[in-house]
Amino acid sequence: MSTDLIPLSEEEAAVSGRQKAARYLVNHPHLVLIGVLVLLIILTGLIEPNYLSINGLRNSALFAVPIGILAAGQTILMLTGGIDLSAAMIATGAAYIAANQSPQGAVIAILGGLLVGFLAGAANGIGVGIFQVNPLIMTLAMSGILLGLFTSWAQTIFSGSTRMGDFIRTLGGGSFFGRAIPWAVVVWAVLSVFVVYMLRRSGFGRNLYALGDNPAVARLSGTRAWQVLIIVYTMAGVFAAIAGLLLGGRVGAVDLQLAGVFLLPSVAAAVIGGTSIFGGIGTYTGTILGALILGVLQSLLTFLGAGQAVQQMLYGSIVIGLSWLYTRISAAQ
Amino acid sequence: MSEEFLLAARGVAKQYGPVVALRSANLSVVPGEIHALLGANGAGKSTLVKILSSVIRADAGAIDVHGVEAALQKPTDSLAAGIATVFQDPALIRDLTLEQNLRISRLTKSDVLPWLERMNLGHIDFDLQVADVPLAVLRLLDLARALAHDPQLLMLDEITAALTTDQADYVFELMQEWKDRGRSVLFISHRLGEVLASCDRATILRNGADVAHLDLAGVDEGQLVTAMLGEELVEELEEAGTTQETGPAVAAGARDRKERPVVLELKDVHLRDKVNGISFELRQGEILGLTALEGQGQKELFQALSGDHRPSAGELLVKGEPLRARSPYDAIRRGVVLVPADRQQALLPQRSVRENLATPLYNSAGGWLALAGDEKERVDGAVARLDIDVRAGSQAQRLSGGNQQKVTIGRWLAAGFDTLLCFDPTRGIDIQTKAQIYDLLREVAADGASVILYTSELREIQLVCDRVLVMYAGRIVNEQDAATATEESMLSAAHGLKEVPA
Amino acid sequence: MTSTSPDALVAGTQAPWRRWLRRHGWTLGVWLLLFLLIAYYATLIPRFGAFQVASIVNNATPLVFLAVAQAVIVIAGGIDLGVGGMLVLSSVTAARLMEGQPFGVTIVLAVLILLAAAVINSGVGWIITRSNVPDIVITLGSLYVFQGLALAVLPNPGGGTSEGFRWLFTGSDTGIGTNPWPAAVMMTVAVAAVAWWMGKTRSGLSLYAAGSDRTAAFLSGINADRVKIMAYAVGGAFAALAGLANTAIAGRGNATTVGGNLTLNSVAAIVLGGVALTGGIGSAIAVVPAGIILFFLNPILTAMGVDPSSAQVIQGVLIVFVMAATGIIEWRRRRQA
């Protein structure tokens, strides 16, 4: 590419009003998402007036929780140019262990579940960070490994209870303030504060963006990618485990298909939220909006009585349409 | 009027977003001439070449071939119009064999063989994979491929860089033959000696427009440089040069420098087969120049210095303590930092100027939990000191080339360092920014830091450095005091010659 | 600096077998591994005969075709998460339309399905080139769309096909038998055709060019966007062929098959087959044994007395191991370059 260019004078650089509007949207991409979210809520309300109540919105939020928490992992990994295809299986495994250990008490059960996420995530991080395995392949293989392990453990060392303990069930499905606010949403909110802080206000977050935007710069600036990658994959594993515990708590009983359906929506939420799959660009706030959009969409489709077929087609079209819109907006600058 | 021209480009303009690469360029080539296209880095040469070869489309202007306006939309259009180009980066697919590459260009072995034989490459194995063939040979192959298209106009963009003397001679012979056939050649080169020796006429670009059309008979290099840079800037540069101490003061300075502590020492450093035993010392406050032709191991030497690669033999001492870096982090921790040449490797294109500048502050776990409390002061300080234009600062990729380069240097001003390794830091940036960078380097040296400056522009050595080392084939072949070093002496050393030619 | 004609550049100086081995060593290795595994399998079970061979060859066909589909697209610089969805969609469409039809009609339908798949997937490629959205995102969307369409076409597992059509892919009218030849011939012809196209023709080589270096490809007069659309079309057709094989083997269609898992298997297969996920490197011929091996691991581990779930663990570990090994080899090569 041409190297040195001559800057334009002020008047030459003046831009039209339409470009200004486009630039405003580029700099505030969340406005588009909030618009879509509000539109969807209104639309759902028009179809089913009861939806516009605490109960209705609560259902959407509950559906968005596992997607949003899994997508937290996807977001921080996608910022580094990675992805986690084992997230759903980690969530399932964590829930499985937690259910299995529930007779030992809530603390052991939760720690056991989180340990699954920690170990699987760390293994992913070692594979990607030290052995340079492509993230897609590493996490895909991890998913298969976990499925195999848990299938065989279900009959051997971890046979027994598949029912979640009461504490985790309250956490996953219970609410407070007269059933207004689900505990799961509180957990998600706490996690969100952590992730948003990490990405905006911590040096570690800066490393994630730098690694995804240009690994050569990160390296020459002294960042050791393997350290950052191991930590971030471990973190994503723990997030997945949390999602699994909440989901398992909501459902009550755990099987090995528990979280599978949430894998692709978790990637979709991050993509819809404006995180680039190539890394370097994205925020967790966008992902949260993406997860909420998917949650409301789920309610809308339920009210419409749409079957699986329509739901999936719509899902796919939304991923394609919104990501296309995003690149259009950023190209307009 | 334009029928007599083989090629006539009129008022060609090109703009990338807010920056103008070409304002209005005119270029006319008559049949049977070798025409030089000259200009300082960033004058718009490569943009014009890309437009003529249909890599990019012009925003305005027209291009006539034999008096007929050519519609240049995609590279095959230029070929169809009789324009074939050999680019700096050979347009060959790494993962395919030479023969497969020819097939993609709709050519066969027999089309290129006659030309390859002229370049002593007649026996080349077409079943080789491009990735296994050295760059110089690829350039010649690309030339043979261009000639096989039998073009009216042959465009050669910096073809002689990285060629050996005899390889370059083959190229000049073929250019001459093409001229004798009544065809034309457009020759782009930084090497003015080559231009004067082989070209008939020249068009000179400055700031995106053509500023001179010269008949090269009787013109000397100085006149070309003046035309390329413009009168004022040449004076400015000369002024900048004279601000350095001269005469006895230099000698005193040199004596003074010899008494300062050694901050970096190399003892017989080897790296693969590219760096073959290099030893030197760098003292505090010194600006050490390094120059070489392309591919003499300077890149690898900088990789070893910056901790990117560990030397395969020899020792690196920082302030007397050995440095065995596993990654650049280890070198940075010891105060040795690198400003790379390629800005693609030096920028976070989608992140803000601020994040770009602050990156090294967070390279170890100590800086991970929060942002550095003094981040803003450090970043603002670097911005102010380098006079970085941050108006387009939300994404570093929107900055101009000069500002981007300032960001890559500013990163280390914000983070702090003892020894700054600069690899061709002024390549492709405007002259004002260059002057700012020279000033900055002298300032940091005056403040007690040390600098190693690799540059391919020899005049920079005299402008900025205290001492110069010349590399050839992985070794230091010459050391001079920069104030007394002449371009001729450095150039002949860089070519591996023992004696200075008359 | 290099001299003009170093010996290494001259024809005939490097032993031909040595270069052949360097360039095709991976392909050879994967084939060898497959035959070793089969030989080992033969010693494990009491009776190894035509039935076992037929079972391996026939049942591996869908994965092999799906892996070839993925390989074509990845070599051209893309990646298609939607191939698994396309397999399911074409499989259920075939099962729905072919039920109760005579052989001739099923063949016509099969051809139409292949064509339609090529057209639909070229549309996916077109969206990618037009939108500049990464392949992986758009095809994540197309995966959903295909899976949804499949459910709409055939809400409940069922449908059928003609006996002749089943014979074409399984060598038996019932889908179970001792005749591996039709499937073997089908695979050989399809893969040889695509390998010849990619290695010997300009349009096929342009896939490698576009996947390897877009700029150089562009300068060589290749329209990388058009090449990508072409790759998606061919990939779509191969994914549909895998779907047809699936219908022939099962004798019916099932839209609840998870296409995403099939896609992931196809990616694992091409990685084992030596295709670089970064594009430009690999061959369809090495993908065939890789696909068979991935399928074959299950029966072989079962025969070794390992339960199927542990087989899955071993398969995952193997893939990571292969990738880590290639990663380290590549890293060392770059260090020395």
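**Exercise 1. A glycine at a chain boundary**

Find which residues C:Gly221 is in contact with, leaving aside its neighbours within four places in sequence. Then decide whether C:Gly221 is buried or exposed.

*Solution.* This is a predicted model.
- Step 1: place the residue. C:Gly221 sits in the loop between H9 and helix H10 (224–250) of chain C.
- Step 2: list the partners. With neighbours within four places in sequence set aside, they are B:Pro75, B:Thr76 and B:Ser105.
- Step 3: count the surroundings. C:Gly221 has 21 other C-beta atoms within 10 Å. Burial requires 20 or more. C:Gly221 is therefore buried.
- Step 4: add a distance within chain C. C:Ser90 is 131 residues away along the chain from C:Gly221, and their C-alpha atoms are 35 Å apart.

**Exercise 2. The side of chain C that touches chain B**

Determine how many residues of chain C are in contact with chain B, and which element gives the most.

*Solution.*
- Step 1: count both sides. Chain C has 25 residues in contact with 29 residues of chain B.
- Step 2: assign elements. Those of chain C giving two or more residues are helix H8 (202–212) and helix H9 (214–219).
- Step 3: rank them. H8(C) gives the most, with 6 residues.
- Step 4: classify. This side of chain C holds 13 nonpolar, 10 polar and 2 charged residues.

**Exercise 3. The side of chain C that touches chain A**

Identify the elements of chain C that give two or more residues to the side touching chain A, and divide that side by residue class.

*Solution.*
- Step 1: count. Here 40 residues of chain C are in contact with 39 residues of chain A.
- Step 2: name the elements. They are helix H4 (103–131), helix H5 (135–153), helix H11 (259–272) and helix H13 (308–336) of chain C.
- Step 3: classify. This side of chain C has 26 nonpolar, 13 polar and 1 charged residue.

**Exercise 4. Two domains in chain C**

Work out where the domains of chain C lie in sequence and how many residues of each are in contact with the other.

*Solution.*
- Step 1: set the bounds. The domain assignment gives domain 1 (49–294) and domain 2 (308–337) of chain C.
- Step 2: take the separation. Their C-alpha centres are 25 Å apart.
- Step 3: count contacts. In chain C, 4 residues of domain 1 are in contact with 4 residues of domain 2.
- Step 4: find the main contributor. H11(C) supplies the largest share of the domain 1 side, 3 residues.
- Step 5: classify. That domain 1 side has 4 nonpolar, no polar and no charged residues.

**Exercise 5. Following strand E11 of chain B**

Trace the pairing of strand E11 of chain B with E12 and E14. Which residues are bridge partners of B:His270?

*Solution.*
- Step 1: start with E12. Strand E11 (residues 262–271) and strand E12 (residues 275–283) of chain B run antiparallel, joined by 7 bridges. B:His270 has B:Asn276 as its partner in E12(B).
- Step 2: inspect the turn. The two strands form a hairpin with 3 residues between them, and B:Arg272 in that turn has a positive phi of about 45°.
- Step 3: go to E14. E11(B) also pairs with strand E14 (residues 313–318) of chain B, antiparallel, over 5 bridges. There B:His270 is partnered by B:Ala313.
- Step 4: continue to E15. Strand E15 (residues 321–322) of chain B pairs with E14(B), antiparallel, through 2 bridges. B:Leu317 has B:Pro322 as its bridge partner in E15(B). This hairpin has 2 residues between the strands, and B:Lys319 takes a positive phi near 50°.

**Exercise 6. The six-stranded sheet of chain B**

Give the strand order of the open sheet of 6 strands in chain B, then find its edges and the helix that lies across E19(B).

*Solution.*
- Step 1: write the order. It is E16-E17-E18-E13-E19-E20 in chain B, with mixed pairing.
- Step 2: mark the edges. Strand E16 (336–339) and strand E20 (475–481) of chain B each pair on one side only.
- Step 3: take the twist. It averages 20° from one strand to the next.
- Step 4: examine one pair. Strand E19 (residues 467–472) of chain B joins E20(B) in the antiparallel sense over 6 bridges. B:Tyr472 stands opposite B:Arg475 in E20(B).
- Step 5: add the helix. Helix H18 (residues 487–494) of chain B lies across strand E13 (287–291), E19 and E20 of chain B, at about 30° to E19(B).

**Exercise 7. Confidence**

State the scores of the model, and find where pLDDT stays under 50 in chain A.

*Solution.*
- Step 1: read the overall scores. The model has ipTM 0.86 and pTM 0.84.
- Step 2: take chain A. Its mean pLDDT is 88, with 92% of residues at 70 or more. Residues 1–14 of chain A stay under 50.
- Step 3: take chain C. The average pLDDT is 88, and 94% of the residues score at least 70. Residues 1–6 of chain C are below 50.

Conventions. Residues numbered from 1 in each chain as written. Chains lettered and ligands numbered in written order. Predicted model: local features only at pLDDT ≥ 70, side-chain atom pairs only at ≥ 80, totals over all residues. Contact = placed C-beta atoms within 7 Å. Helix = DSSP H or I, 4+ residues; strand = E, 2+ residues; numbered from the N terminus. Nonpolar A, V, L, I, M, F, W, Y, C, P; charged D, E, K, R; others polar. Pairing = 2+ DSSP bridges. Domains from an automatic or database assignment. Axes fitted to C-alpha atoms, helices over the stretch in contact; angles between N-to-C directions. pLDDT = per-residue confidence, 0-100. Buried ≥ 20, exposed ≤ 12 C-beta atoms within 10 Å, placed from the backbone.
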